[in-house]
Amino acid sequence: VKGWGIFKATATASIYGSFNVTSFARNGAGDYTVTWLRAFAATPYAVFGTSGSTTADFLIVQELPDTLKSVTATRVGAANVADTPTDPLNWLSLMAIGGQ
């Protein structure tokens, strides 16, 4: 794992804990940009995510299209089962794997 973070993914986005993350920004509901401290060697790196909630909401966390990924940042999205972009109520957890 070359980068990871646990984030409060609401209007006041913040980092709870991280490794190799410079910043975490909310672009809109369920749309976030993670900026890496140390760049990846190329864009085919893998990003995985989960979300936490105190309610029964189930959110899907995924990378947004590759056109939004660079060696220094990536965008991820969170959506409910109806595919509506949604902020997790508690946290969003991400990790990235690839060459640096």
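This note goes through a four-stranded sheet, one lysine and its contacts, and two residues with positive phi in a predicted model.

1. Basis of the note. The model is predicted, and local features need pLDDT of at least 70, side-chain atom pairs count only at pLDDT 80 or more, while totals for chains, interfaces and linings use all residues. Residues are numbered from 1 along each chain as its sequence is written, and side-chain values use heavy atoms, with hydrogens and water left out.

2. The sheet as a whole. An open sheet is formed by 4 strands in the order 2-1-8-5, with antiparallel pairing; strands here are DSSP runs of E of at least two residues, numbered from the N terminus, and two strands pair if DSSP finds at least two bridges between them. Strand 2 (14-19) and strand 5 (46-52) each have a single partner strand and stand at the edges, so one side of each is left without a neighbour in the sheet. On average, and with direction ignored, neighbouring strands of this sheet are turned by 15° against each other, the axes being lines fitted to C-alpha atoms and the angles running from 0 to 180 degrees between N-to-C directions.

3. Pairings within the sheet. Strand 1 (residues 3-8) pairs with strand 2 in the antiparallel sense over 5 bridges, and in this pairing isoleucine 6 stands opposite glycine 17 of strand 2. Strand 1 is also joined to strand 8 by 5 bridges, again antiparallel, with tryptophan 4 opposite methionine 95. Between strand 5 and strand 8, which run antiparallel, there are 7 bridges, and valine 47 stands opposite alanine 96 there.

4. The two faces of strand 8. The covered face of strand 8 carries Leu92, Leu94 and Ala96, whereas Trp91, Ser93, Met95 and Ile97 belong to the uncovered one. In a regular strand the side chains alternate between the two faces of the sheet.

5. Lysine 69. This residue sits in the loop between strand 6 (59-63) and strand 7 (73-80). Is lysine 69 buried or exposed? Its relative accessible area is 10%, so lysine 69 counts as buried (buried means under 20% relative accessible area, exposed over 50%, partly exposed in between, with a 1.4 Å probe and protein chains only). A polar atom of the lysine 69 side chain lies 2.5 Å from the backbone oxygen of tyrosine 45, and a polar atom of that side chain lies 3.3 Å from the backbone oxygen of threonine 43. Apart from neighbours within four places in sequence, lysine 69 is in contact with Thr43, Tyr45, Glu63 and Thr74, where contact means heavy atoms within 4.5 Å.

6. Threonine 43. Threonine 43 lies in the loop between strand 4 (31-36) and strand 5 and is partly exposed, with a relative accessible area of 37%. Leaving aside neighbours within four places in sequence, threonine 43 is in contact with Lys69, Ser70 and Val71. The C-alpha atoms of threonine 43 and serine 70 are separated by 5.7 Å, although the two are 27 residues apart along the chain.

7. Two residues with positive phi. Most residues other than glycine have a negative phi. Asparagine 20, which is not a glycine, has a positive phi of about 65°; its place is in the loop between strand 2 and strand 3 (21-28), and asparagine 20 is buried at 9% relative accessibility. Aspartate 83 likewise has a positive phi of about 65°, but it is found in the loop between strand 7 and strand 8 (91-97), and aspartate 83 is exposed, with a relative accessible area of 60%.

Conventions. A polar contact is a pair of N or O atoms within 3.5 Å; within protein, one must be able to donate a hydrogen and the other to accept it, and residues adjacent in sequence count only if both atoms are side-chain atoms.
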